[in-house]
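Here are some exercises to work through with the structure open beside you. Try each task before you read its solution.

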Amino acid sequence: MAVFELPDWAALAPALILVATALALFVIDSINPHTKNRSLLAGTTAVGALAALGVAVWFMVAGVGTPTAAGGRGVVELFGGQLVVDQMALFFMTVVSVVTALVAVASYDYMGDHAYQAEYYSLMMLAATGMATMAAANSLVTIFIALELASLPSYALVSILKDNRGSVEGGLKYFLIGALSSAIFVYGISLVYGATGHLQLEAIADNLQGAGEYGGLLGLGILMLIGGFAFKTASVPFHFWAPDAYEGTPAPVAAFLSSASKAAGFVIAFRVFTTAFPLEPTTAVIGVDWTLAFIILAIVTMTLGNFAAATQDNVKRMLAYSSIGHAGYALIGLAGLSADGGEIVMGAAMMHLLVYGFMNTGAFLFVALAEYWGVGRTFEDYNGLSNQAPVACFALGIFMFSLAGIPPLGGFWSKYFLFTGAIEAATANSAMLIVAAALVVNSAISLYYYARLVKAVWIEDPVSGRDTLSQPTGLYAAIIFAAVLTVVALPVFGPIADAALEAATVAIS
Amino acid sequence: MMIEALLAVTLVGALVTFVAPNRIAGKLAFGISLIPAALSLWMFTAFDGSGNALLDGELAFESQFEWIQLGDYTISWLVGLDGISLPLVVLTTVLTSLAIMSSWTPIDERESQFYGLVLFIEANLIGVFTALDFFVWFIFWEAVLIPMYLLIGVWGGPRRKYAAIKFFVYTNVASLLMFGAFITLVFGLGDVTSFALPEVATAMLEGGPDGFAGLGGSALASVVFVAMFLGFAVKVPVVPFHTWLPDAHVEAPTPASVLLAGVLLKMGTYALLRFNFTMFPEQVEAYAIPIAAIAVISVIYGAMLALAQTDLKRIVAYSSVSSMGYVILGLVAYTQFGVGGATFQMVSHGLISGLMFMAVGVIYNATHTRMVTDMSGMADRMPVAVGILVAGAFGYMGLPLMSGFFGEFAIFFGAFGSGLLAYSQLFTSLAMFGIVIVAGYLLFALQRTVFGPYHLETDYDVGRAPLHDVAPMFVLLGIIIALGVAPELIFDMITDAVDPILENGGDA
């Protein structure tokens, strides 16, 4: 027995810590406007994110959010079920916090001479708060609010380089497409509400039968919801903002958006579709199995992302398209659900998003390092960097091979489980065989462009006349830490897999 | 825990070497590599296993614990050795030590990274030959690619970039095919709850798969068999999947070639033996003729290609394709001498081709050319190195009292009398003809390079090779002769592990 019982709302502590950190940054900024004390600002951000990470992990270990039947302390429902803290929520809060911490540490150097220091870090923490809330949101309204809370600071973050055309252009594109998809998403919510009369996810599920005569309406609403998720996760058909936004924005922000924001988009998709629209009753009402939509989206997204990535000359755009490809992999988590199964495939998608959080953040942070050095943007500009910076390039090799899914790195494990899960799901739905085949083919294609970057830094002859490269502490620390996490995923994958699979099992049941 | 110790020593050694100063990296790596070599030799003497690892055999140095629970399926850390894998582990560790010593001369940049990667490959190769859970095995299997890609790509010859990416893409695509096939098989085997190879093998032999996604049981088994065969065939490689091999070999630095020909190719044949020829006896019988045809074509076509080359390294590289064809023929014969001889030949070819690549490398270090047409009379200037090259060539041709003779003899003997393979006499006779071509191209190349008046089109001053270049070759030669004189040193344990395979449908 605990010495004292924490109140229920304390279960939201990871999100609360993030918002408190954002407020602390405001306080610092108001006491000392335009401060450039970047140790203080980046330090506060990193400490806040790490505290949120620590609490989220501690909660998971302590059994908060685990059903009592499984020996835990029970799923915490707050505000009449508007927010819920279960294993899935904590899992994704972990992902968001760890990415935020890495990006904050890296920004210490990258944003070193930027004019709006405090604004940058507080916007990042606010966005992180929104993403953490998305992980816990359990009603279409809270989901929408959390989504906007995450999106609005992100628009500002993308265009934080006010004098840089690319940054502003990327921000504008991101904003316009974001606004459009938000509108579609809200419209979808209204249709679902019209059909079922509820916004809270369990209540929607309970009232699906009553929506019998509005089956088409409900189906349209669901399709529109998928549009909203597609924007947030950078999946087809709302993926095209990603390359421009990532290319224009500072690389740490791109790392933040492509890892944390994508994971947050997926958690709401997972929650909405497993909780509000259970497969059998929904199919009975709308007449179509919604996994079909995700099967198509998964195949198209991963194929488009990988083929587009293979043709890029700009490293950041390559990573942006690769992040679209990985969204396609994670979509398999929803495509593989079936009436009586799918834990493995959904758990695998969650693992993939976690591992992706390390390896993709690390890869973008390497780009941040290259931008910090000012070596240029294309593959050729990266030629022979390993002669001058072997440690960082070694880490880059780890990220690239992990993204390509080569053992023994973290990315292999999650991809392996995704593949295993897809094959297992094929016993119930043989269309999943095509998805599994697409996964394999795409993995093979992706190896080409990931290996190309490794080849550039390790094998090609160095660009002549390059200045000596400095070793910025924060960026190096973040990159090495991300690389260590990607490698350490090997021995500790047991607990990660357990956590993800338990969370998926609870979410599906 | 001996195998874990072996892996840990090698991995830690790789890390230590990676951060060591370049100046001492070579000596340091050699010193470190002696530890796993000594450990594995000790394991060789202390080996107490019997039977086949996948078929209820008594494993030596076994250790197992559960790792990850994935739904109903358990992934375990399961390692152990039987009579098939132990000789290959010893081959790996010994050959790595010798390869490291042979790279002291040619490798003169980024030494610490080079030797670190070599040790990293060694660790993964040990893993491939000891892991008995599919999952663990596949990790090691694929992890070999990254360091080999970098070894070829960074330290290789002029066309290294092309060769490295070709090697990587070919073998990786093949691995994915094999990987997908095996996972499908496991799900098709209704009541299997782990990826442990012994459990899968048992389930395969006691009824086979139930079927999967519309495919019936036997159709599924056939599809998986073919897909896995193709996947491994690229790694072996057999014609027509061999084109990555000469590129990779020619561009790779000598020590990488030694490991590539000596051990990496054996991964393919080892996996064929462990998977296809252990788990699918019915399919082996059904597909025996096409497989034997592929084997014979590899033997003859590989030898013809070697005959057409003027680059010494390319000659040795293509002859590997030919030698691997013998291994496949021995496997598909499915007799004790066939499969046992094939396994023996894996070890023997690893030693002999390693020796040949080292000898060619030593000559190249001195002359900076490998073209047969550029040199003649090398015996005058480099008598020791050239002597070893000639000895290696005779080993390749199957000179009695060298290990190549016993390996090929066992394969032919086993294949000729095979009851399972139809037209086995015809296939064997055709394959035997390959020996003639092998002798032809090797003697032809030697005659032009080694003998005659000394002539060399190069600006380099050609002198005798240093001791640390020739010492590893003498060690290899010693082992080759030892195994040729006394093949029972390893052949007894090999047949002990091979016999249970043949009880399930082979011609025991």
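Two strands count as paired if DSSP finds at least two bridges between them. Keep this in mind for the first exercise, and remember that the model is predicted.

**Exercise 1. A hairpin in chain B**

Task: Find how E1(B) and E2(B) are arranged, and say how many residues lie between them.

Solution:
- Step 1. Start with the ranges: E1(B) covers residues 60-70 and E2(B) covers residues 73-81.
- Step 2. Look at the bridges: 8 of them join E1(B) to E2(B), and the two strands run antiparallel. The pairing rule asks for at least two bridges, and the number found here is 8.
- Step 3. Pick out partners. Gln64(B) has Leu78(B) as its bridge partner in E2(B), while Gln69(B) stands opposite Thr74(B).
- Step 4. Follow the chain through the turn: 2 residues lie between the strands, which form a hairpin. In that turn, Gly71(B) has a positive phi of about 60 degrees.

**Exercise 2. Backbone angles that stand out**

Task: Look at Phe61(B) and Tyr423(B), and decide for each whether the residue is buried, partly exposed or exposed.

Solution:
- Step 1. Recall the background: most residues other than glycine have a negative phi, and most peptide bonds are trans.
- Step 2. Check the angles. Phe61(B) has a positive phi near 55 degrees, and Tyr423(B), also not a glycine, has a positive phi of about 55 degrees.
- Step 3. Place the residues. Phe61(B) belongs to strand E1 of chain B. Tyr423(B) sits in the loop between helix H18 (403-416) and helix H19 (424-449) of chain B.
- Step 4. Count neighbours. A residue is buried if 20 or more other C-beta atoms lie within 10 Å of its own. Phe61(B) has 21, so Phe61(B) is buried. Tyr423(B) has 14, so Tyr423(B) is partly exposed.

**Exercise 3. Cis peptide bonds**

Task: Find where Pro237(A) and Pro237(B) lie, and describe the peptide bond that leads into each.

Solution:
- Step 1. In chain A, the bond from Val236(A) to Pro237(A) is cis, with omega near 10 degrees. Pro237(A) is in the loop between helix H8 (215-233) and helix H9 (241-248).
- Step 2. In chain B, the bond from Val236(B) to Pro237(B) is cis, with omega near -15 degrees. Pro237(B) is in the loop between helix H9 (217-235) and helix H10 (244-251).

**Exercise 4. Where the chains meet**

Task: Work out which helix of chain A supplies the largest share of the side that touches chain B.

Solution:
- Step 1. Count the contacts: 30 residues of chain A are in contact with 28 residues of chain B.
- Step 2. List the helices of chain A that each supply at least two residues to this side: H14 (343-373), H16 (410-426), H17 (432-459) and H19 (493-508).
- Step 3. Choose among them: H17(A) gives the largest share, 11 residues.
- Step 4. Sort by class: this side of chain A has 21 nonpolar, 5 polar and 4 charged residues.

**Exercise 5. Chain B as a whole**

Task: Is chain B compact or extended for its length?

Solution:
- Step 1. Take stock of chain B: 21 helices and 6 strands.
- Step 2. Compare radii. The radius of gyration of chain B is 22 Å, close to the 23 Å from the globule rule for 508 residues, so chain B is as compact as a globular protein of that length.
- Step 3. Add the burial: 64% of the 508 residues of chain B count as buried.

Methods:
Residues are numbered from 1 along each chain as its sequence is written. Chains are lettered from A and ligands numbered from 1 in the order in which they are written. This is a predicted model: local features need pLDDT of at least 70, side-chain atom pairs count only at pLDDT 80 or more; totals for chains, interfaces and linings use all residues. Two residues are in contact if their C-beta atoms, placed from the backbone, lie within 7 Å. Helices (H or I, at least four residues) and strands (E, at least two) are DSSP runs, numbered from the N terminus. Ala, Val, Leu, Ile, Met, Phe, Trp, Tyr, Cys and Pro count as nonpolar, Asp, Glu, Lys and Arg as charged, and the others, Gly among them, as polar. A residue is buried if 20 or more other C-beta atoms lie within 10 Å of its own, exposed if 12 or fewer, and partly exposed in between; C-beta atoms are placed from the backbone. The radius of gyration is taken over C-alpha atoms; the globule rule is 2.2 Å times the number of residues to the power 0.38.
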